[in-house]
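Reader: Before I use this structure, I would like to go through the descriptive terms applied to it and see what each of them rests on. Could you take me through them with the values set beside the cut-offs?

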Amino acid sequence: MRRQMLRNARKTELSWRQWLQNYPGHPLAEDAAFRLMRSLECQGKRKQAFEVLLTHLFVPGGAAQRDFRSRFVWMLDVGLSSGELAEFQRLNPDSPALPLVRYALAVRAARQHRYQRALNLTRGLSLERPYHATLGGPWPVFSPDSALQSLDLCLKEQRSRWQGMLGQDRRTWARRWSDDDGWRLGYLYLHAGQRRAALEAADGFVDSLALEPGGRPDAALLRRHLQQANQRAVALELLARLAQDQEVLYWRIRLLHQQKVEGCAYESRAIIPLPGLPKAPRETWYASQVEYLTRCLEQRYPGGELCDEALMVCYRLTGDQNFLREIRLFYPGSNQARLLPLVGSERDPTESPVY
């Protein structure tokens with residue numbers, strides 16, 4: 001059904017335009033406008049889709065207003081190019097949404113490691129009132145952290161993180177992005193903790209079909225935006241540019257494993273292929289890359305202390321017993337070899353590896 005929607009997007013657009021022209025005051029007109037917007041997005045007509053969205057975003061009590069508001073946040077996050085956001089900023093100096101667009105541009109800059117620009121864009125910026133004016137209510141507190149009980153406090157904390165990235169090298173950047181809380185560096189707090197839930201929804205923003213061959217014509221741009229918004233993808237791209245020592249190779253392996261196992265399935269599929277890694281079938285992409293990097297690790301550092309760990313990750317992703325045999329045969333005295341008798345049991349310590 002979704003493939004058919006992508007193929008028929010132009011016909012769908014014309015149908016909804018005609019319907020809205022014939023029934024402008026119909027109670028379902030806003031729902032029809034939302035479907036028109038989606039049909040425009042499917043064709044890669046991002047600016048036109050955003051114009052439809054803005055026309056209905058500020059309609060009080062609109063039937064589809066909640067959907068338009070959610071879509072607005074996604075458009076700021078990954079749905080529009082930075083150039084399109086900058087153009088909106090230039091052409092709409094009096095829009096109540098302008099501070100939110102400016103904040104989105106700052107987050108985009110941070111995702112590209114332009115931390116000074118992110119700081120410049122958010123200097124003196126307050127988001128609470130613009131959020132209320134644009135999205136129809138107070139920002140919903142989502143963080144259990146008592147220091148982050150408002151949108152402006154989240155921005156203040158985020159700016160502090162950006163400040164700490166200035167003057168650091170790529171290895172430090174990679175480590176901070178891959179930390180447990182590294183997502184905060186590139187998170188658009190307008191999502192208020194609902195980003196993953198929206199990604200996991202069946203009708204969420206990221207329809208992986210739209211990014212595959214025969215999908216949206218702007219699939220490459222959207223994929224790039226999604227990669228830049230994913231903390232592990234950002235870290236992996238940084239690591240691919242470093243000297244490939246043992247630590248870096250295994251670091252890349254574990255990040256790929258984490259994304260596949262812990263990441264949102266829609267997002268994990270939508271962001272591949274990632275830069276700096278060879279081509280592989282989409283269905284087995286993560287397992288293929290982990291095995292490829294494991295073989296690189298073994299070839300460059302034969303008998304290295306991390307080789308058995310990497311082979312165990314390969315086994316966890318594929319279930320292929322040959323990886324366990326390799327550990328037993330080539331690394332008999334290793335930590336993972338000692339744990340082999342417990343693999344598959346209730347006491348299996350390798351089921352949830354600690355990185």
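Author: What follows takes the terms in turn, from the whole chain to helix pairs and then to single residues.

Author: This is a predicted model, in which local features need pLDDT of at least 70 and side-chain atom pairs count only at pLDDT 80 or more, while totals for chains, interfaces and linings use all residues. Residues are numbered from 1 along each chain as its sequence is written, and side-chain values use heavy atoms, with hydrogens and water left out.

Reader: How many helices and strands does the protein chain have, and what makes a run of residues count as one or the other?

Author: The protein chain has 20 helices and zero strands, where helices (H or I, at least four residues) and strands (E, at least two) are DSSP runs numbered from the N terminus.

Reader: What share of the protein chain is buried, and what share of its contacts joins residues 24 or more positions apart?

Author: Buried residues, meaning those under 20% relative accessible area (exposed is over 50%, partly exposed in between, with a 1.4 Å probe and protein chains only), make up 50% of the 355 residues. Among contacts (heavy atoms within 4.5 Å) with a separation of 6 or more, residues 24 or more positions apart account for 64%.

Reader: What makes a set of residues a nonpolar core, and which residues have the most contacts inside the largest one?

Author: A nonpolar core is a set of buried Ala, Val, Leu, Ile, Met, Phe, Trp, Tyr and Cys residues joined through side-chain atoms within 4.5 Å. The largest has 100 residues, and those with the most contacts inside it are Phe72, Leu76, Tyr103, Trp162, Leu190 and Leu256. Helix H7 gives the most to this core, with ten residues. Leaving aside neighbours within four places in sequence, Leu256 is in contact with residues including Leu236, Leu274, Trp285 and Leu293.

Reader: Why are helices H6 and H7 called roughly antiparallel?

Author: The axes of H6 (residues 82-91) and H7 (residues 98-111) come within 10 Å and cross at roughly 150 degrees. Angles under 35 degrees count as roughly parallel, over 145 as roughly antiparallel, 65 to 115 as roughly perpendicular and the rest as oblique; the axes are lines fitted to C-alpha atoms, for helices over the stretch in contact, with angles running from 0 to 180 degrees between N-to-C directions. H6 is therefore roughly antiparallel to H7. The residues of their contact divide into seven nonpolar, two polar and two charged, where Ala, Val, Leu, Ile, Met, Phe, Trp, Tyr, Cys and Pro count as nonpolar, Asp, Glu, Lys and Arg as charged, and the others, Gly among them, as polar.

Reader: How do you know that H18 and H19 are roughly antiparallel to each other?

Author: H18 (residues 307-318) and H19 (residues 321-330) pack at an angle of about 165 degrees, with their axes 8 Å apart, and they are therefore roughly antiparallel. Asp308 and Tyr315 are among the H18 residues that meet H19, where Phe323 and Glu326 are among the partners.

Reader: What makes H2 roughly antiparallel to H3?

Author: The axes of H2 (residues 9-22) and H3 come within 9 Å and cross at roughly 155 degrees, and that makes H2 roughly antiparallel to H3. The residues of this contact divide into ten nonpolar, two polar and three charged.

Reader: Why does Arg35 count as partly exposed, and why does Ala240?

Author: Arg35, which lies in H3 (residues 29-42), has 43% relative accessibility and therefore counts as partly exposed. Ala240, which lies in H14 (residues 231-240), is partly exposed because its relative accessible area is 28%.

Reader: Why are His113 and Ala192 called buried, and what is the sign of phi in each?

Author: His113, in the loop between H7 and H8 (115-122), counts as buried because its relative accessibility is 19%, and Ala192 counts as buried because its value is 4%. Phi is positive in both, near 65 degrees for His113 and near 50 degrees for Ala192. Most residues other than glycine have a negative phi, and most peptide bonds are trans.

Reader: Which peptide bond is cis, and where is its proline found?

Author: A cis peptide bond, with omega about 0 degrees, joins Ile272 and Pro273, and Pro273 is found in the loop between H16 (265-270) and H17 (285-300).
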